[in-house]
Amino acid sequence: MNPTLALIDQHRVYREFDPNATISDADLTAIIHAAQRAPSWMNGQHYSIINVSDPAQRQAIVELQPKNPQIGQCSVFLVFVIDGYRAFLANQSQNQDEGVSFAGFADADTLITLTTDAAMAAQNATLAAESLGYATCPIGGLRQAGKALIDLLALPKYTYPIFGLCIGTPAVDMPIKPRLPMDAVFFDNRYQTDALPKLLAQYEQTMLEFGEAREKLPYRQKFAQFYRQPYVAEGEAWLKSQGFLDQ
């Protein structure tokens, strides 16, 4: 198999890291360089990456995210920030005397654009880290502490912490989790719904047989329950306070 495809095929998330392991500066630089090579909308590169290397600062994030102790165990913890601040500075540099609006930034499509840029950069970083022999774990729950992180990381307006990435040496091995059947996610020419109920039921059985310890509910029930209410109740207000969706 092609080495890159083999690497992708072996991906799994690790949630326990060796707290004594380290990552060399050269490897970390290579990982960040790979993240920067990701494509982005209009070459805007609408993201920033914050390496939380200060132990006290890291511990503060662990206290904000007690369900994710791996934040404190991993060798490197990166926070990916959707970033429109540089675009704001560009706007200011060109429009100091013209009073041209920056209101377009608050459009919902802008939030999608910035999030996509950050996600593609993070995926590059993940692949780079794994190619160097490290384990990774994305931390989507970081959004639950968005307001506190804005202050902790001194984030300016038009930025927002979207997720974290743990990188390090695993303390335990992890099995490769089954994915949905390809027919459930890949279609020719148009979205096809007819087979999806059956495919979801089959995948649910696959996951039950896989027996992941942290899964407390069957697959369909898990998502039915999750989407009954917002994941972060204050999230929209926090985003608006940073200049997003604020029209």
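Student: What is the relative accessible area of Lys222?

Tutor: The model is predicted: local features need pLDDT of at least 70, side-chain atom pairs pLDDT 80 or more, and totals for chains, interfaces and linings use all residues. Residues are numbered from 1 along each chain as its sequence is written, and side-chain values use heavy atoms, without hydrogens and water. Lys222 counts as partly exposed, the class between buried (under 20%) and exposed (over 50%), with a 1.4 Å probe and protein chains only. Its relative accessible area is 24%.

Student: Which residue forms a salt bridge with Lys222?

Tutor: A salt bridge puts a side-chain nitrogen of Lys or Arg within 4 Å of a carboxyl oxygen of Asp or Glu. Here the closest N and O atoms are 2.9 Å apart. The partner is partly exposed too, at 27% relative accessible area. It is Glu215.

Student: How many salt bridges does the structure hold?

Tutor: The pair Glu215 and Lys222 is one of them. Glu204 and Arg220 form another, and so do Lys240 and Glu236. The total is six.

Student: How many residues apart are Glu204 and Arg220?

Tutor: Their side chains meet at 2.9 Å, N to O. The pair links distant parts of the chain: Glu204 sits in helix α8 (residues 196-210), Arg220 in helix α9. Helices here are DSSP runs of H or I, at least four residues, numbered from the N terminus. The separation is 16 residues.

Student: Which residue of the Glu204 and Arg220 pair is buried?

Tutor: Arg220 has a relative accessible area of 40%, so it counts as partly exposed. Its partner has just 12%. The buried residue is Glu204.

Student: Why are Lys240 and Glu236 separated by about one helical turn?

Tutor: Their side chains meet in a salt bridge, 3.2 Å from N to O. Lys240 is partly exposed at 34%, and Glu236 is partly exposed at 48%. The turn follows because both lie in helix α10, at a spacing of four residues.

Student: What accessible area do Phe223, Phe226, Tyr227 and Tyr231 have together?

Tutor: These residues form a nonpolar patch on the surface. Patch members have over 30% relative accessible area and no salt bridge; nonpolar side chains (Val, Leu, Ile, Met, Phe, Trp, Tyr) are joined within 5 Å, like charges within 9 Å. Areas come from the Shrake-Rupley method with a 1.4 Å probe, and for residues only the protein chains shown count as cover. Together the four have about 400 Å².

Student: Where is Tyr231 found?

Tutor: Tyr231 belongs to the nonpolar patch. Tyr231 is partly exposed, with a relative accessible area of 33%. It is found in the loop between α9 (219-226) and α10 (235-241).

Terms used:
Helix = DSSP H or I, 4+ residues; strand = E, 2+ residues; numbered from the N terminus.
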